[in-house]
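Colleague: Please take a close look at a single pocket of this model. I would like a connected account of its lining, followed by the strands and helices that belong to the same picture.

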Amino acid sequence: MSSSGPSSSGEVPTVLVKDSEGRDLLCFLEQLIPLDGQDFALLTPVDTPVCLFKLRDGEDPQLIDSIASSEPILSVADVVLQEHDLTLVRSAVTLTVNGELDEPEPEDADDEEGDDESETYELLVSFLVEEQEYGLYIPLDPFFVVARMDDGCAVLVEGEDFDRIQPRIEAELDERDLPE
């Protein structure tokens with residue numbers, strides 16, 4: 001029932017990771033992986049990661065990959081989440097939601113019929129902006145972040161660096177026989 005972390009006492013260290021735009025994200029340190037004389041951290045966000053989707057009747061939800069933090073859509077999402085005592089955080093890597101919310105139950109997704117999106121995401125809230133419906137969804141799969149540890153600071157591994165490092169981290173985790 002309790003989440004497993006690197007220490008037996010249940011205390012999981014946290015790290016503040018920054019992206020290239022200066023945004024940050026507070027994460028739990030799950031694993032440290034040394035590669036080429038550099039430590040890389042496998043992290044999970046402290047706040048709940050969410051994904052923004054455009055919703056259309058009769059069509060699969062469309063993931064919105066990137067959105068400016070000043071977009072009116074996010075302002076409306078702020079107001080809707082505040083009604084549920086939640087706060088939308090424009091973090092590095094992903095949008096996150098801060099506040100008390102029920103943890104999604106992966107087996108609930110099995111009850112739903114439909115496209116693959118319904119099996120990997122759970123709807124948190126939906127709202128209208130200029131007659132277009134949007135939804136904030138919680139990913140049901142674990143959301144990992146990779147950072148390079150540099151003098152005690154965590155720097156997000158992005159773009160080509162991520163594409164180069166990610167398979168090596170997966171191989172190291174497989175070697176350690178740990179879940180990815």
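**The second largest pocket and its surroundings**

Modeller: The lining of the second largest pocket comprises 22 nonpolar, seven polar and eight charged residues. The model is a predicted one, and the description that follows is to be read accordingly. The pocket has a volume of about 930 Å³, and 37 residues line it. Nearest its centre lie V93, T94, F143, F144 and V145.

Several elements share in this lining. Strand 4 (48-55), strand 10 (145-150) and helix 4 (159-176) each contribute at least two residues. The largest contribution comes from helix 4, which supplies six residues.

Helix 4 also has a defined position against the strands. It lies across strand 2, strand 3 (38-45) and strand 10, and its direction makes an angle of about 65 degrees with strand 2. These three strands belong to a barrel, which five strands close in the order 1-2-3-10-11 with mixed pairing. Neighbouring strands of this sheet are turned against each other by 50 degrees on average, direction ignored. Strands of a sheet pair through backbone hydrogen bonds, in either a parallel or an antiparallel manner. Within the barrel, strand 1 (residues 14-18) and strand 2 (residues 24-35) run antiparallel and are joined by five bridges; L16 stands opposite L26 of strand 2.

V93, already named as one of the residues nearest the pocket centre, leads to another pairing. It sits in the turn of the hairpin formed by strand 6 and strand 7, where four residues lie between the strands and V93 has a positive phi of about 75 degrees. Strand 6 (residues 87-90) and strand 7 (residues 95-98) are antiparallel, with four bridges between them. In this pairing V89 faces T96 of strand 7.

A further hairpin, made of strand 8 and strand 9, has two residues between its strands. Here E130 adopts a positive phi near 50 degrees. Eight bridges connect these antiparallel strands, and the bridge partner of S126 is G135 in strand 9.

Aromatic contacts complete the account. Four aromatic pairs are found in a search of the whole structure. One of them is formed by Y121 and Y137, with an edge-to-face arrangement, 6.5 Å from centre to centre and 80 degrees between the planes. Y121 belongs to strand 8 (residues 121-129) and Y137 to strand 9 (residues 132-139), so that, at 16 residues apart, the pair links distant parts of the chain.

Note on methods. Residues numbered from 1 in each chain as written. Predicted model: local features only at pLDDT ≥ 70, side-chain atom pairs only at ≥ 80, totals over all residues. Heavy atoms only, no water. 1 Å grid on protein atoms, 1.4 Å probe; cavity = no way out; pocket = protein on both sides within 12 Å on 5 of 7 lines; lining within 4 Å. Points joined across faces, edges and corners; volume = space filled by probe spheres on them. Nonpolar A, V, L, I, M, F, W, Y, C, P; charged D, E, K, R; others polar. Pairing = 2+ DSSP bridges. Axes fitted to C-alpha atoms, helices over the stretch in contact; angles between N-to-C directions. Contact = heavy atoms within 4.5 Å. Phe/Tyr/Trp six-rings, centres within 6.5 Å; stacked < 30°, edge-to-face > 60°.
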